[in-house]
Structures are given as structure tokens and as C-alpha cells.
Amino acid sequence: MNLKPCRITRAYLRTGLPSALLPALLLAALPSVAEAHVMDGPLGGFGSGFGHPLAGPDHFLAMLAVGLWGAQMGGRSVWSLPATFPLIMCIGGVLGMLGLLPTEIVQVGIAVSVLVLGAVIAAQWKAPEWAALVLVSAFAILHGIPHGVLVPRATDPAAFTVGFVVSTGVIHVLGIGIGYGLKPLLDGRLVRGLGGLIAACGLWFLLSAFVA
């Protein structure tokens with residue numbers, strides 16, 4: 001199944017988002033999500049852990065969305081959501097090391113996380129803080145599992161773990177920065193438009209997971 005970039009481009013242009021974001025979003029929509037969690041060969045330490053969230057477009061967009069959503073809601077959510085995600089993701093890492101969930105289920109769950117997080121941003125849902133934290137925590141566990149699967153293969157498991165946690169934090173901060181930068185423009189519609197694009201990518205990831 002081939003993606004039609006022209007449709008994505010037309011939808012993107014209607015949102016009025018900065019053109020610099022288009023290549024990244026098109027890259028995120030490539031039908032390689034099924035292989036995004038697979039890294040062949042031995043892994044290093046901190047550098048390998050730091051690079052893994054950046055290598056998977058589904059991981060990257062979900063973590064970016066957490067920062068965007070926090071910035072969109074404002075208040076304590078600006079820091080509580082991004083702080084909670086990497087901490088709970090470590091629990092998912094332990095589950096990944098134990099191999100308790102099949103890879104297929106985890107991939108579907110991660111795709112759903114991208115779809116839902118993008119959708120709540122697009123809908124500008126001002127969720128109660130507890131509800132937002134529960135949602136983010138559930139998705140953080142799913143995103144931690146693939147990292148945990150890789151930890152035993154790392155030459156320095158502790159450094160690898162620190163690397164992917166730090167990388168997650170950096171992506172969250174990027175999302176917060178983009179959220180704050182776009183929030184004043186067009187009464188927040190640019191942030192909502194970006195959320196819609198993230199949700200569309202999540203839908204594509206979900207379809208790809210079932211087709212693969």
C-alpha cells in the first residue's frame with residue numbers, strides 16, 4: 001500500500017503550519033513503522049539508547065505530542081505530563097525485559113497512542129490532570145516495552161536506559177517549545193492542526209501494523 005504524498009501535502013497546507021515541519025511529518029508517515037522497533041546487531045550504551053526514540057517515527061511523534069498537549073493545556077500539565085512519561089516508561093522497560101507482551105500487541109498500542117494523543121490535541125481537550133496523567137502513563141508503558149526488549153543487548157544496559165530516558169525528555173521539551181511557539185497564532189488553531197496531522201500519522205501506523 002503506497003501513501004499518496006499529494007493528499008498529505010494538501011491537508012498540511014490547509015493548516016498553515018511552517019514548511020520546515022513538512023519533511024519530518026512526511027518521514028513519519030512512511031510505511032516503515034513495522035520495522036521501527038527492530039535494531040539488528042549489538043547495541044552500545046548511552047548513544048544507542050538516546051538514538052532509539054529518534055529512530056522510530058511513532059515513538060518520536062507520541063513523545064512530541066505529550067509536550068504539545070502539556071503546552072496546550074497549560075498550568076501544571078506543562079511539566080507534569082512530560083515528567084511522568086519517562087518515569088512510567090521505565091516500568092514499561094522492565095515489562096519489555098520480561099517479555100510479557102507480544103510485539104504485535106505493543107506495536108498496535110503504540111500506534112493507538114499516536115492517534116489518541118494527536119486527536120486530543122486536535123480537539124483541544126482540557127482534560128482533568130488525573131485523566132491526562134492516566135492516559136499518558138498507559139501510553140508510556142507501551143513505549144517503554146520496546147526499549148526494555150533492547151536493554152539486555154546493550155553493552156552497557158544502564159547507560160542505554162539513561163540514554164533513551166534523556167532522549168525522551170529532549171523530545172518532550174521540543175514539543176513544549178513548539179506548542180508555546182504556535183499557541184498564540186490563529187487562536188491555537190495551528191497547534192490543533194499539528195495535532196490532527198499527528199493523529200493522521202497514528203492512523204497510518206495503525207493500518208500499517210495490521211497490514212504488516
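The exercises below, each with a worked solution, concern a predicted model.

**Exercise 1. A patch on the surface**

Find which residues form the nonpolar patch on the surface, and state which helix gives the largest share of the patch.

Solution. Begin with the membership: Val 94, Met 97, Leu 98, Leu 100, Leu 101 and Ile 105 make up the nonpolar patch, and together they offer about 580 Å² of accessible area. Next, turn to the secondary structure, where helix H5, spanning residues 77–98, supplies three residues, the largest share of the patch.

**Exercise 2. Two residues in helices**

Decide whether Leu 98 is buried or exposed, and do the same for Gly 49.

Solution. Take Leu 98, which lies in helix H5; its relative accessible area is 57%, and because exposed means over 50%, Leu 98 counts as exposed. Then take Gly 49, which is found in helix H3, residues 46–55; its relative accessible area is 0%, and since the limit for buried is under 20%, Gly 49 counts as buried. As a last step, look at what lies across from Gly 49 in space: its C-alpha atom is separated by 9.0 Å from that of Leu 150, although the two residues are 101 residues apart along the chain.

**Exercise 3. Helix against helix**

Describe how H5 and helix H7 cross, giving the angle and the handedness.

Solution. Two packed helices are described by the angle between their axes together with the distance between those axes. Here the axes of H5 and H7, the latter covering residues 129–150, come within 5 Å and cross at roughly 40 degrees. H5 is therefore oblique to H7. Finally, the handedness: the crossing in which H5 passes H7 is right-handed.

Methods: Residues are numbered from 1 along each chain as its sequence is written. This is a predicted model: local features need pLDDT of at least 70, side-chain atom pairs count only at pLDDT 80 or more; totals for chains, interfaces and linings use all residues. Side-chain values use heavy atoms; hydrogens and water are left out. Patches are made of residues with over 30% relative accessible area and no salt bridge: like charges are joined within 9 Å, nonpolar side chains (Val, Leu, Ile, Met, Phe, Trp, Tyr) within 5 Å. Accessible areas come from the Shrake-Rupley method with a 1.4 Å probe; for residues, only the protein chains shown count as cover. A salt bridge is a side-chain nitrogen of Lys or Arg within 4 Å of a carboxyl oxygen of Asp or Glu. Helices (H or I, at least four residues) and strands (E, at least two) are DSSP runs, numbered from the N terminus. Buried means under 20% relative accessible area, exposed over 50%, partly exposed in between (1.4 Å probe, protein chains only). Axes are lines fitted to C-alpha atoms, for helices over the stretch in contact, and angles run from 0 to 180 degrees between N-to-C directions. Angles under 35 degrees count as roughly parallel, over 145 as roughly antiparallel, 65 to 115 as roughly perpendicular and the rest as oblique. A crossing is left-handed if the near helix is turned anticlockwise from the far one by less than a right angle, and right-handed if clockwise.
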